[in-house]
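Work through the exercises below with the structure open beside you. Try each task before reading its solution.

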Amino acid sequence: MEPLLTGHAVLADTNYSNFKLKPDLFMRSLTFALAGFLFTALPAYAENTIRWSATGDAITLDPHAQNEGMTLATAQQIYEPLVNRDKTMALTPGLALSWGLSEDPTMWEFKLRQGVTFHGGQSFTADDVVFSFTRALKPTSDMKDIIGTVLDVIAVDDFTVRVVTDGPNPILPQQINDIFIMSRGWAEENAVTEPQDVAAGQETYAVRHTNGTGPFILELREPDVRTVLVKNETWWGLEEENPHNVDRIIFTPVSNAATRVAALLSGELDFVLDTPVQDLARVRRTPGLTVQSTAEVRAIFIGMDTGRAELRSSNAKGTNPFADIRVRHAINMAVDREAIVKRIMRGMAEPAGMLLSPGIGGYTSEIDALPTLDPEAARALLAEAGYADGFSVTLDCTNDRYMNDEAICQAVVGMLARIGITVRLDAKSKTLHFPKIQNNETDFYLLGWGSGTMDSHYHLDFLAMPDRVWNRTGLDDPDLFAMIDGIATETDFAKRDAMINDAWLRIKGAQVYVPLHHQGLAWAMKERLSLPIQPDNQPQFRLARVAE
Amino acid sequence: MTSFLIRRVGQAALVMVLVSAAAFLLFNYVGDPVNNLVGQEASFEDRQALRDRLGLNDSAPVQFVRFVGNALTGDFGISYRMQRPVSDLVAERLPATVELVLASALFSLLLGIPMGVYTAIHRDGVLSRMVLSVSLIGVSLPTFVIGIGLIYLFSVTLGWLPSFGRGDTMSVGFWTTGLLTASGLKALVLPAVTLGLFQMTFVQRLVRAEMIEVLGTDYIRTARAMGVPRNRIHYVYALKNTLLPVITVIGLKLGELIAFSIVTETVFQWPGLGLLFIQAVAFADIPIMAAYLVMVALVFVIINLAVDVLYAVVDPRLRANRGDPA
């Protein structure tokens, strides 16, 4: 690996055991430092460099070991999937040029791109695809659940691959967007044919070394400090229309939001992924900086446990208020979503009436229509249900996961107090909150849900099916469950879309969730940088242009 | 003397065991690391299986004994968040913290002592009053606010100094240093001042108080009566005796600097041990937290042990009182 600055090489060769050199070197450094104080201008790069930052770093560079946002965001600059997504999240060719269902509805066929080489020089063939899918299905892989329907991957010839699923799977191409292709030869050579096992207690070669086919090559990896990527001059995409002109990407995680914003304002960074909403106005006002925003594919909502006979945290004994649909309806009517969006989200969100965010197949503005805001009617409904004096319940909430999550919950507490429901707020870290949901220990909980596939089934499956760790609503509707199972395998898309619409109407009718809003997303960056904002909050530097 | 030492070392070992046991009990409340280790699609069974393999389903005492056993062989396990051995990570991050702590200690002493002496001699001077009021700010403002304030002034407004990171570093053997590059030195200024400001005001106030006391003693009065030059009295006779207790306290304060560096490192994204620890807390990265707490405890225990031993060497009464025959 080359040192970052050429000056390093010279200095690093100096013999430090030679004591006489030290003071001299020190003085020279001191002089440089003092000179540096006088020059406030930033170093000018002859090449196009993007220096960017986010709260956290990738956990690992092993592309199958962690299914986590920053890890995938980093991996996809270096590695490529068969099927890519463009800035509108539509599918585009990646390492596969075309794909389609074969005569057999349980088999998808992918035609691969020819003439692609890995950064290490190996040629890309169907065998690498077979290897990578097999690796992603291994027990230590964190991607195995996403492609859980895959039974087998077969190389028909060097550039044709067939993926066999355990039943018809209409959305396989949408599910494999994060399954990155590694070189079999490289993996075998470096003993990384299996994803890293955290429990095994050792680091593997693939954690800090990469060999992908993607637009950027890893030059330096210092976890938590700096990750440097350089342009892959032989990447196939450079021959397409309007290619990127980025020579170097320097990523530095900065965990403190105020520092991150300060570094952008001072010009030390070109792009910040997660700017706090309260700082966006300041960034917009700064000459040379701009803010791009869009709706993220992530709905924020509250779930109610309707299933148990008695709530754990309520003063209503021997009964479960949430089991009564009138209570659920009243809560939905009492929550002022527009106020939350305006006051707490400062406009960086859209009020929601459904759990699916715009942009995902199955979303309709009719189902997303907001419930009527009417605290008076809500109060009357509660009285009708036998809770004229209200009841108490604990709302479990995160304070470090979603944008202003704790403040949102506080607002909901106040809104429900207006109709007589006494909510005790228990806001805590995600490492404490999420296990509470997973272990089924919560009555009333905040949750946000994005999409791994941009298809409704992902939401329906995880948020409505019974026995899912993220669904604690106790929703009991066998017809709906059968419908969702059908959606998983229906290959007639017109029919499938109708089923999806029905399923969402049923969920909305059951009122087991209180949708709050679709979270917004804002990227702050230099004006000279053009980088399309992605609704999944994952920058694609292959789509970036830096103004000369 | 030997039995005194043995007793002291024995006590230190006991403290270490108690600290690590207490730390382990706390880990039951930091949350579930498994949630951060698998994607949201993972099933309940997958989560349980991983929890089993990580040994998180074992009782706290079992986990503790396993941890101590491994730690004694130098194996602190693998970080959940970084997926790399903890010992490697600690070795990588240690230089950043040590350089930061030393720089801020130097800053607090070089400014704090002269200021303390000055304010003691010129007790009612305008400058003294100003220094004292300003030092109140240093004592009362939280490190976090000072750090952000300095960033906004020197990075955003003036553009003189970097707001985050350690700049370019060079490797000297296993040690990475930022002291030999221009960007490394520039990057050190704000964090070192932020971390050292509280200590500086503390040193200044301590030196002032001691100095005022010393200036009232008989030998100083005698020196004055004998006509020894003023500067010689202040800076040689008085200062020497002032610094003795100051040095003792400062030694112990070094441990405090390491502890406070957590906040400073977070504000400046300084890649040291404090930042490693705070991110480990957010992730429930138990192996890192355990190693860090044990290490900090070790530093405190060693400093205290050294101070105890030195006292015993300097003051024979301490030994005699404990009935030590040596």
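**Exercise 1.** Find how strand E4 and strand E5 of chain A pair, and over how many bridges.

Solution. In this predicted model, locate E4(A) at residues 96-101 and E5(A) at residues 107-112. The two strands run antiparallel to each other and are joined by five bridges. To check one of them, start from Leu101(A): its bridge partner in E5(A) is Trp108(A).

**Exercise 2.** Give the strand order of the open sheet in chain A that contains E4, and explain why one side of E4(A) and of E6(A) has no neighbour in the sheet.

Solution. Recall that strands of a sheet pair through backbone hydrogen bonds, either parallel or antiparallel. Here four strands follow the order E4-E5-E7-E6, with antiparallel pairing. E4(A) and E6(A), the latter at residues 150-157, are the edge strands; each has a single partner strand, so one side of each is left without a neighbour in the sheet. From one strand to the next, the twist averages 20°.

Next, look for the helix on this sheet. Helix H4 of chain A, residues 126-136, lies across E5, E6 and E7 of chain A. Its direction is at about 170° to that of E6(A).

**Exercise 3.** Describe how domain 2 and domain 3 of chain A are placed and what kinds of residue domain 2 gives to their contact.

Solution. First take the bounds: domain 2 covers 69-197 and domain 3 covers 296-521. Their C-alpha centres are 34 Å apart. Eleven residues of domain 2 of chain A are in contact with eleven of domain 3 of chain A. Sorted by class, the domain 2 side has seven nonpolar residues, four polar and no charged.

**Exercise 4.** Describe the packing of helix H5 against helix H10 in chain B.

Solution. H5(B) spans residues 86-121, and its axis lies 10 Å from that of H10(B), at an angle of about 145°. The crossing is right-handed. Among the residues in the contact are Leu100(B) and Val101(B) of H5(B), and Leu254(B) and Leu257(B) of H10(B). The class count for this contact is nine nonpolar, four polar and no charged residues.

**Exercise 5.** Which helix of chain B gives the most residues to the side that touches chain A?

Solution. Begin with the totals: 53 residues of chain B are in contact with 51 residues of chain A. Elements giving two or more residues to the chain B side include helices H3, H7 and H10 of chain B. H7(B) gives the most, with five residues. By class, this side of chain B has 28 nonpolar, 17 polar and eight charged residues.

Terms used. Residues numbered from 1 in each chain as written. Chains lettered and ligands numbered in written order. Predicted model: local features only at pLDDT ≥ 70, side-chain atom pairs only at ≥ 80, totals over all residues. Contact = placed C-beta atoms within 7 Å. Nonpolar A, V, L, I, M, F, W, Y, C, P; charged D, E, K, R; others polar. Domains from an automatic or database assignment. Pairing = 2+ DSSP bridges. Axes fitted to C-alpha atoms, helices over the stretch in contact; angles between N-to-C directions. Left-handed = near helix turned anticlockwise from the far one by under 90°.
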